[in-house]
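Student: I should like to take a close look at a single part of this structure. Could you please guide me through one place where two helices meet, and its surroundings?

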Amino acid sequence: MLPEECALAIDAGRQIIVDSHGDVSRSVPETGIDESDHRYFSELSFDVAAGHDWVVLGREHRDNGISTILASPSLGTGRGEQRRWTFIKRLAITETGVRAIARLTNNTRTTRKVPVSVTLSPDFKHIFEVGAFFSPRDSLDRSLRVEAQSAGCTFVGTLADGTERRVTVTGDSDLEPTITEDTVTLSTEVTVPPASTQAVAVDIELPAGPRTTSNIDVDIEEPQYATLVERARRTLDSLMLPCGVPAAGAPRFLAPFGRDSFIVSYQLLSFDSTVAERTLRFLAAEQGERFDSSTLEAPGRIMHEKRHGDLPAIGKSVRSPYYGTVDATPLFAALFADTVQRTGNETLRRELYPHAKAAIEWTLDELDDDGYLFYDSHDHPLGLAHLGWKDSAEALAHPDGTPAQGSIALAEVQGYVYRAVRRFEPLATDAGDKALADDCRLAAETLAASFEDDFWLPEQGCYALGLDDRDVIRSVASNQGHAIWAGLGSDERVARVADRLTNDDMLTSAGLRTFASSHDAYDPLSYHRGSVWSHDTSLAALGFAERGHRDTAELLASRGLSALDNVVRADSPERLGFPELMVGFDDEDVSPGAVRHPDACIPAAWSAGSVFGFVHARTRGESE
């Protein structure tokens, strides 16, 4: 997703992406300074007029910032005068925005003077208009003016919805601004004594948002993965949004996503229940209240994605929020019940019970006579074709490659429904909602029986991927592992599924493929039809651990941890590691984690959360 030469820093809903020389550059369209779905700067570059090109020595990612270390070219073989300058550029996310610093070290025996400047060009473009991240779309016109001030300026952008955004840049007092139509250059001359360092700093004030971090208990008895666990914790902290919910990932998905947040919350529930509590509260506040065919909002329904900025405001995006997911609503009710049971938090139970009840009622209302929850493609130019977690256009197929079509009931979605109604039933009973409790019990019984009758594939020893308008989707895929985690499946058949999903056509050295390689429709480089997703494997591992299949849980967890450990160690620190997905091929020479998937966002929250899901699957299995 990001070119190899780019580096990324993220924190509190902001992200900085720089090129190989540590600059935000218009020539590298992926670079920028972004917040709340808007790119505030398409250029932020330091220039030191030392009469030569700089040599990049390295880069360091630390404390929510990126430092790029450069030096002047070698002048010969002698010591002392070999490299006259060391130049460090640092861009870091602060509580109020971004701080940019240039540090110049004079490596010679004489005092030197050198001109230093920082050039800033605002953008105010919506993240959806960044062609390097999303499908190309026409950019909107946004007017811009610059207000000069001492040693700085304020950029004022009028967005497409008529609202105004102001970004103030303040530099050191001796910086002189030069203002053109859309660019400001702040310049000064720096005097650096021998063996000394001088710095030039610029502060960018963005709309402030509070910083939220996790409280993950990392006292985990997995010494071989201690570094991986700590990196996962730091990555999840960096992805926490001001609203307290983990963003799905970066750079494209730095926003709250319902399904992703619920799965991360489940992965962390044994280590930090506050993530689940914050996620439930945030998504309860966004719960649907009315019917809207453009966003699929409905009373009780839980959102899929929420974006900010001018594109949603003028109708150029439906994601403000967008309810195009079939699984977030039952997952909300299930997570609510599981969190209350684990924490005993009566305040959470009392405050959010009405929201969980509304989610259950939406779910029950959508079930057919067999207890299934189907969905149809969202017939809207900006809608999604598929509303499960595998939501890419070609994600779902029969073994021969025929696309799933019409109304679709996915295996994992039926599992989420089952877990939701089973876990919510006692809460409804305690609350005096006897009729609702009875409805939950009947729905669970009906769904469990129907699932056994319609989804079982005796020739495969596995449940089916789903149902569509044509027939049973007889593909073996990873979705079935989610259904096992959620509680569906008889004990005898779950044992057979454990064997089937660990066959060579499904299990790689990194975890489960999303689609069996023995099917004609398998594609190891697809987004969802043969690739490997860590969160996907982690839920299956948790499911088999809960169902008493310790060996299978250990196998999946060990492979998942090992692959993430290898990928994170091999990846440069400025990428934070934890790719969204890995390639799906696996042989003696090349493992899934050895090749970067071209479409993977790095990092992804549920990939970092998988570390904790895998650890819990192992420890749960050991305790039974």
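Tutor: The following account concerns a pair of helices and a loop residue beside one of them. This is a predicted model, in which local features need pLDDT of at least 70 and side-chain atom pairs count only at pLDDT 80 or more, while totals for chains, interfaces and linings use all residues. Residues are numbered from 1 along each chain as its sequence is written, and side-chain values use heavy atoms, with hydrogens and water left out.

Helices here are DSSP runs of H or I with at least four residues, numbered from the N terminus. Helix 3 covers residues 273–285 and helix 5 covers residues 328–343; their axes come within 10 Å and cross at roughly 140 degrees. Such axes are lines fitted to C-alpha atoms over the stretch in contact, and angles run from 0 to 180 degrees between N-to-C directions. Helix 3 and helix 5 are therefore oblique to each other (under 35 degrees counts as roughly parallel, over 145 as roughly antiparallel, 65 to 115 as roughly perpendicular and the rest as oblique).

Contact means heavy atoms within 4.5 Å. Helix 3 contributes Ser 273, Ala 276, Glu 277, Leu 280, Leu 283 and Ala 284, and helix 5 contributes Phe 332, Leu 335, Phe 336, Thr 339 and Thr 343.

In the loop between helix 2 (258–268) and helix 3 lies Ser 270. Ser 270 is partly exposed, at a relative accessible area of 27% (buried is under 20%, exposed over 50%, partly exposed in between, with a 1.4 Å probe and protein chains only). Beyond its neighbours within four places in sequence, Ser 270 is in contact with Arg 342 and His 616.

Technical notes:
Helix = DSSP H or I, 4+ residues; strand = E, 2+ residues; numbered from the N terminus.
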